[in-house]
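Here is a short note for a colleague who has not met this structure before. Please read the points with the model open beside you.

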Amino acid sequence: MNMITTTDALSAACERFANHRFVTVDTEFLRETTFWPKLCVVQIASPDEAVVIDAIAEGIDLAPFFALMANEAVLKVFHAGRQDIEIVWHLAGIIPHPVFDTQVAAMVLGHGDSISYDQLVQRVNGEVLDKSLRFTDWSRRPLTTAQIAYAEADVTHLRDVYLRLEADLAKRGRADWVGEEMAVLTSPETYRQEPERAWERLRSRARKPKDLAVLMEVTAWREREAQARDIPRSRILKDDVIGEIASQHPTTVERLGQLRSIPKGFERSRAGEQIIEAVKAGLALDPKTLPRIERDKPLSNGASATVELLKVLLRMTSEQHGVAAKVIATVDDLERIASEDEPQVQALTGWRRELFGESALALKSGHLALAMQRGRVIAVER
C-alpha cells in the first residue's frame, strides 16, 4: 500500500495528481477534545493511483497537498466534504476549488437526504464497505494495515461513485444544479468562526435586548478562550450556563456564584472574573446598536393549512423528479412562502424556483390545485 510519510514523496505524488482532471479526497481527524480538528491522515486518489498520507509524520510538510487543493485545473471530489474543507481552511487559509460533493449530487439525483458514503457506494457501485474502523484512533502510530486499507478504500470507491453521478447529472441536465450548491461549500463565510458572531448559535436564548447584549459578550469571550486553548466550547462554559448568565446579568462575584448552573467556587476563578467583565461590557452597549431579536411568529390558521398543502406539493415534486425534498426546500422556506408576500428564500431561486417554487406560489394564489388520480397526488392548473 502506498503510505506517504515524507515531504519529498508527498510532493512527487501531488505532481502526478496535478496531471489529472479530478482527484478524490478524504481525511481522518480527531475533534473530541479540541476546538480545531486535528488532521491525522489524508487520502487522495486519481484514476491511476491512491495514496494515504500520514499527516502527523515527523518532519512532513503538507504544502504540496495544499497546493493541489488550490489547483484550479484539478477538480477535488469529496463526500460530505464540509469538515474536510474546513480542515484545509484552518491549516492553510485556502478553500479547495473547484470541488464536487457526491452527497449533494446524490440528493439532486434522488438518492435520499444526506446519504452516507457507504450507503451511496452500495447503491451506485453495488459494493458493501467495511466501516468497522470508522471510530478508530487515527492519531496512534504506527497505523495498522487494516487502517491504511480502510482509508484507501474511502477514495478508491469514491472515484467510481463520482464518475457515475457525473454521467447521471449530465444525462438529466442537472450538472449546473450541483454547481450552484458548491458556491456555499467553497465560500470562506461558511468556515469563518469569528468570536463576535458566536452568539448567533444561541440567539433563541435572548428574550430582551439586555439579554442579547450579555449573550453577545459572553459567547465572544468563550469563543476566544476555546480557540486560544484549542478545547471544545463546552469545556469552557456550557450553553445552558451562558443562557442563565444572559438572563440574570450577574455583575458581581456574589451574584455569579448564586446562579444554579455555576459550580461552587467557579465565580472566584480567573474565568469567573472574565465572565463578570463580559457581562458588564454587554450591559454597557447601546441597545440601539444591537441586532434585532427576531421572534418566530405563530402561523395563522390559513397559513398553517397552506404549509401542509405545500408539504404535499414538495413531496410530489421530489418523487416526480427524483430529487431529495430536503435539497429543494426547507420547512422554514414553506412557512415563509405561506405567510409572506415576497419571501427571500432559496426555494424561490435558481433551479429550485423552476422545479418547485413557481408551483408553490401558484398553489398559494389558487392558480394550482392538488387532486388525487388513481391513488396518486397530481397538480391541476385552475
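1. Start with Ser46. This is a predicted model, and in it Ser46 has a relative accessibility of 0%, so the residue counts as buried. Ser46 sits in the loop between β3 and β4 (50–54). What does Ser46 touch, not counting residues up to four places away in sequence? The list is Phe17, His20, Phe22, Val23 and Arg159.

2. Move on to helix α3. This helix covers residues 82–92. Its buried residues are Asp84, Ile85, Glu86, Ile87 and Val88. The cover over them includes strands β2 (22–30), β3 (38–45), β5 (75–78) and β6 (99–101). It also includes helices α2 (63–70) and α7 (175–185). Look just past the end of α3 too: Gly93 there takes a positive phi of about 70 degrees.

3. Glu86 deserves its own check. Glu86 lies in helix α3. Is Glu86 buried or exposed? Its relative accessible area is 11%. The cut-off for buried is under 20%, so Glu86 is buried. Leaving aside neighbours within four places in sequence, Glu86 is in contact with Arg31, Tyr191 and Gln193. For a sense of scale, compare Glu86 with Pro209. The two are 123 residues apart in sequence. In space they are 33 Å apart, C-alpha to C-alpha.

4. Next, the largest pocket. Its volume is about 720 Å³. The pocket is lined by 26 residues. Which of them are closest to its centre? They are Asp26, Thr27, Glu28, Phe29 and Arg134. Strand β2 gives the largest share of the lining, six residues. At least two lining residues come from each of β2, α3, α5 (117–125) and α6 (145–172). Helix α3 therefore appears again here, as one of the elements that supply the lining.

5. Now the cysteines. How many disulfides does a search of the whole structure find? The result is zero. Take Cys14 and Cys40. The closest cysteine sulfur to that of Cys14 is in Cys40, 18 Å away, which is too far for a bond. The reverse holds as well: from the sulfur of Cys40, the closest cysteine sulfur is in Cys14, at 18 Å. A disulfide needs the two sulfur atoms within 2.5 Å. Cys14 counts as buried, at 6% relative accessibility. Cys40 is buried too, with a relative accessible area of 0%.

6. One annotation to note. An unreviewed UniProt entry places the feature "domain: HRDC" at residues 208–289. Over residues 208–289 the model is 66% helix and 0% strand. The end C-alpha atoms of this stretch are 14 Å apart.

7. Finish with helix α15, residues 331–339. Its buried residues are Asp333, Leu334, Ile337 and Ala338. Why do they line one face of the helix? Seen down the axis of α15, the buried residues fall within an arc of 130 degrees, so they share one face. They pack against two helices, α13 (301–321) and α16 (350–365).

Notes:
Residues are numbered from 1 along each chain as its sequence is written. This is a predicted model: local features need pLDDT of at least 70, side-chain atom pairs count only at pLDDT 80 or more; totals for chains, interfaces and linings use all residues. Side-chain values use heavy atoms; hydrogens and water are left out. UniProt positions are given in the numbering used here, feature names are shortened, and annotations may be inferred rather than shown by experiment. Helices (H or I, at least four residues) and strands (E, at least two) are DSSP runs, numbered from the N terminus. Buried means under 20% relative accessible area, exposed over 50%, partly exposed in between (1.4 Å probe, protein chains only). The arc is that of the directions from the helix axis to the C-beta atoms. Contact means heavy atoms within 4.5 Å. On a 1 Å grid over the protein atoms alone, a cavity is a set of points where a 1.4 Å probe fits but cannot get out, and a pocket is an open set with protein on both sides within 12 Å along at least five of seven lines; lining residues have an atom within 4 Å of a point. Grid points are joined across faces, edges and corners, and a volume is the space filled by probe spheres set on the points.
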